Number of protein chains: 2
Amino acid sequence: MGINERKERERDAVKDLILSAAREIFLAEGYENTSIRKIATKIEYSPGIIYNHFKDKNDLLLALHDKAFECKIEALFLSVQNMPDPLERLKATGRGYIQYGIDNPQDYELMFILSCTMEALAVKEEFWQDGAMAINMLKQNIVECMEAGYFRKDINPDEISLILWSQVHGLVSLHNKERLNIYAMEDQKAFMFRSYDVFLSMIQKSLS
Amino acid sequence: MGINERKERERDAVKDLILSAAREIFLAEGYENTSIRKIATKIEYSPGIIYNHFKDKNDLLLALHDKAFECKIEALFLSVQNMPDPLERLKATGRGYIQYGIDNPQDYELMFILSCTMEALAVKEEFWQDGAMAINMLKQNIVECMEAGYFRKDINPDEISLILWSQVHGLVSLHNKERLNIYAMEDQKAFMFRSYDVFLSMIQKSLS
DNA sequence: AAATATATTGAACACTGTTCAATTTCAAAT
DNA sequence: ATTTGAAATTGAACAGTGTTCAATATATTT
């Protein structure tokens, strides 16, 4: 039955069309300005079509979230995978996270700030697997730092992972939400990375 | 001219009426569900009245932001003001910040996450003075820790203040936005505070 | 009592997410 | 070739949103 397969392909094509139009609008105009009607107009379909492919708007945004995780966060871990030194890898991951976060504020919001994505997961009674996966990579890296002798053996990887994640998330989100303007710095981003490096040296010193 | 003063009082009374109704709805239903019409209905006025007192919705939310800062953040610094030991004061401030943030997620969003407040300030070409004030208190506290011998003299208070702020903001915002559910902990809040204490001990050890 | 100034209204505009009966499209069965 | 049935698609409708503004009501001054 090749016909059913073709139909399924056509269905998926429309879904992809919706998603890429949504992504374009979302990146250009942000969460607040991404409307069902704008997406529908862009792909020259009726607004109703979107509800044949997604339960609601949150569900559509969750699909964008998934794509962002797939493309970017996984790429981040891949890009440092070849670094043999676990501590250097840990440091580079954080720097890459910050850089990605400030370069892609819309995606970052979707993944780590907006409630709609977590609500869409809750409706489907699903777990935030993308997030869990990323944190596991981080914890694994911390364990490797312990095994390599960089970190004491009596530390708790869960706690350290939360400290590291909170630090970089704090930096990115305060920056993206314009809260760092109160630091009258000539180069705000350089100030962030400098502070992150200080943080890293504190980690290294106190955990060794 | 007592009449003009009375008129001004009446104007302010309506403004306060709007603000307290807005605050009630905002706290109960959150940012997304706080509408001009809901506020107007609650105080039994026409929707248009709000625009006699506020430029737009962002401006109204900025007024709520100001109140939240006035009531809570200033209270936080006051509550620790009497602690003679600067390091203990610094630690307590962070703990108080986290506690306030997770106890008052709506206010926290208004102050440190939402863009609407910073946009309202930008329109008025104003500076985020509330934020700057709070960070200055923090920096002052860090300087006192240096003077008391807790911290090395060669550290940069700006960088350390950003590290401290990012850490607690990261914890609160990840928690409030449901991102910490991936840590399958029996008591998530206890895990946060435990991690914060580990962070503090790291700070203390590495900066001394 | 008339004129002025201010406060307040509520309809209108252009949007929003979502639903659903009606329509179109198209492959399968007769 | 025509009917049947199922799927895809539509677009109007509903209830909501922020915002504007001419019209109205209220209160003060002349």
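## Two protein chains and two DNA strands

Helix α1(B) gives the most to the surface near DNA strand D, with three residues. Helices here are DSSP runs of H or I with at least four residues, strands are E runs of at least two, and both are numbered from the N terminus. A residue is near a strand if one of its heavy atoms lies within 4 Å of it. This is a predicted model, in which local features need pLDDT of at least 70 and side-chain atom pairs count only at pLDDT 80 or more, while totals for chains, interfaces and linings use all residues. Residues are numbered from 1 along each chain as its sequence is written, chains are lettered from A and ligands numbered from 1 in the order in which they are written, and side-chain values use heavy atoms, with hydrogens and water left out.

### DNA strands

The surface near DNA strand D takes at least two residues from each of α1 (2-29) and α2 (36-42) of chain B. There are 17 residues around this strand, and Asn52(A), Arg6(B), Ser35(B), Arg37(B) and Tyr51(B) come nearest. By class, the surface near DNA strand D has five nonpolar, five polar and seven charged residues. In this scheme Ala, Val, Leu, Ile, Met, Phe, Trp, Tyr, Cys and Pro are nonpolar, Asp, Glu, Lys and Arg are charged, and the others, Gly among them, are polar. Sugar or phosphate accounts for 59% of the atoms of DNA strand D within 4 Å of the protein, and bases for the rest.

DNA strand C is surrounded by 16 residues, the closest being Ser35(A), Arg37(A), Tyr51(A), Ser46(B) and Asn52(B). Here α1 (2-29) and α2 (36-42) of chain A each supply at least two residues of the surface. That surface divides into five nonpolar, five polar and six charged residues. Of the atoms of DNA strand C within 4 Å of the protein, 61% belong to sugar or phosphate and the rest to bases.

The table lists polar contacts to phosphate oxygens of the two strands. A polar contact is a pair of N or O atoms within 3.5 Å; within protein, one must be able to donate a hydrogen and the other to accept it, and residues adjacent in sequence count only if both atoms are side-chain atoms.

| Residue | Protein atom | Phosphate oxygen of | Distance |
|---|---|---|---|
| Arg6(B) | polar side-chain atom | DNA strand D | 2.5 Å |
| Ile36(B) | polar backbone atom | DNA strand D | 2.9 Å |
| Tyr51(B) | polar side-chain atom | DNA strand D | 2.5 Å |
| Ser35(A) | polar side-chain atom | DNA strand C | 2.7 Å |
| Tyr51(A) | polar side-chain atom | DNA strand C | 2.5 Å |
| Lys57(A) | backbone N or O atom | DNA strand C | 2.9 Å |

### Chain A

Chain A has nine helices and zero strands. The C-alpha trace of chain A spans about 60 × 50 × 30 Å along its principal axes.

Over all chains, the structure holds 26 salt bridges (a side-chain nitrogen of Lys or Arg within 4 Å of a carboxyl oxygen of Asp or Glu). One of them joins Lys42(A) to Glu24(A), with the closest N and O atoms 3.4 Å apart. This pair links distant parts of the chain, since Lys42(A) is in helix α2 of chain A and Glu24(A) in helix α1 of chain A, 18 residues apart.

### Interface of chain B and chain A

In all, 51 residues of chain B are in contact (heavy atoms within 4.5 Å) with 51 residues of chain A. The two chains bury about 4,100 Å² between them, 66% of it on carbon and sulfur atoms. Buried area is the accessible area (1.4 Å probe) that two parts lose on being put together, summed over both.

The interface of chain B and chain A holds two salt bridges. In a salt bridge between the chains, the side chains of Arg194(B) and Glu159(A) meet at 3.2 Å, N to O. Polar contacts across the interface number 20 residue pairs, with both residues at pLDDT 80 or more.

On the side of chain B that touches chain A, the elements giving two or more residues are α5 (105-112), α6 (116-123), α7 (129-147), α8 (157-176) and α9 (188-207) of chain B. The largest share, 14 residues, comes from α8(B). This side of chain B divides into 28 nonpolar, 13 polar and ten charged residues.

### Relation of the two copies

A turn of 180° and a shift of 0.0 Å along the axis lay chain B on chain A with an RMSD of 0.0 Å. The two copies are thus related as by a two-fold rotation axis. The superposition is by least squares on the C-alpha atoms of residues with pLDDT of at least 70 in both copies. In chain B, the C-alpha of Gly170(B) is nearest the axis, 2.0 Å from it. The same surface serves both copies, as 100% of the contact residues of chain B recur in chain A.
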